[in-house]
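Student: I would like to take a close look at a single part of a structure, but I would first like to see the whole. Could you guide me through it?

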Amino acid sequence: MFKPFEKITTQRLALVKLNDQDAEQIFEIRSNPTLVKYAGFAPYTSFEQATSYVARIKAQMEKNELGSWSIRLKSNDECIGGICLWDLPEDRRKAEIGYDLLANFHGQGYMQEAASALIQWAFEEAGLERITATLREDNIKSVNVLKRNGFKQKGDSQEQTQVGQVVMMVLYELERNEWANPK
């Protein structure tokens with residue numbers, strides 16, 4: 001059964017179940033047009049959108065419908081982004097991964113570290129058989145995070161309309177039996 005964890009730590013990070021205090025960083029990320037360029041939704045225009053998002057996600061987590069965690073620096077407990085597993089089917093054997101990060105923390109390996117820890121938990125503890133990610137093919141940084149974690153592109157790019165523009169989307173997958181456990 002899929003039951004989100006409370007906290008996982010890595011060398012530099014703590015992945016902690018999403019809480020009300022994370023709304024500030026969520027708003028900072030989701031109101032920045034550059035950071036939501038690849039997300040498929042318009043930038044937030046009010047803080048209320050972030051608090052509403054947190055409330056909705058917490059309710060879904062209570063029902064074990066998804067898992068969403070803030071990414072925090074262990075050194076000072078600063079929230080620098082978020083990571084989630086969502087789109088769980090009835091059998092809870094697969095999920096889609098999603099993530100975002102404050103701009104000043106890009107390029108430092110934080111998302112790679114967080115994604116690796118979450119993938120390990122998903123396969124070893126949550127019993128998932130497959131993790132997917134659907135993203136814009138021009139989101140090179142995210143594609144690189146996925147590839148470094150063993151994800152492979154499945155099929156050709158597909159057109160999709162997002163926030164009034166046509167973009168090319170691609171599906172990546174990682175099967176548990178293809179995953180190389182880093183231990």
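Student: How much area does the protein expose, and what share of that area do carbon and sulfur atoms supply? After that, please look closely at methionine 111 in helix 3.

Tutor: The protein exposes about 9700 Å², and carbon and sulfur atoms supply 46% of that area, where accessible areas come from the Shrake-Rupley method with a 1.4 Å probe and, for residues, only the protein chains shown count as cover. Please keep in mind that this is a predicted model, in which local features need a pLDDT of at least 70 and side-chain atom pairs count only at pLDDT 80 or more, while totals for chains, interfaces and linings use all residues. Residues are numbered from 1 along each chain as its sequence is written, and side-chain values use heavy atoms, with hydrogens and water left out.

The protein averages a pLDDT (the predictor's confidence in each residue, from 0 to 100) of 90, and 94% of the residues score at least 70. Confidence is lowest in strand 7, residues 152-162, at a mean of 77, and highest in strand 2, residues 13-17, at 97.

The secondary structure comes to 4 helices and 8 strands, which are DSSP runs numbered from the N terminus (helices are H or I with at least four residues, strands E with at least two). Starting at the N terminus, the order of the elements is β-β-α-α-β-β-β-α-β-α-β-β. Of the 183 residues, 47% count as buried, which is to say under 20% relative accessible area, whereas exposed is over 50% and partly exposed lies in between (1.4 Å probe, protein chains only).

Now to methionine 111, whose place is in helix 3, residues 110-124. Methionine 111 counts as buried because its relative accessibility is 8%. If we leave aside its neighbours within four places in sequence, methionine 111 is in contact (heavy atoms within 4.5 Å) with Ile71, Gly82, Ile83, Tyr99, Asp100, Leu101 and Val145. The C-alpha atoms of methionine 111 and glycine 81 are separated by 8.7 Å, although these two residues are 30 residues apart along the chain. In the protein as a whole, residues 24 or more positions apart account for 61% of the contacts with a separation of 6 or more.

For contrast, consider glutamate 90, which is found in the loop between strand 4 (79-86) and strand 5 (94-101). Glutamate 90 has a relative accessible area of 78% and is therefore exposed, whereas methionine 111 is buried.
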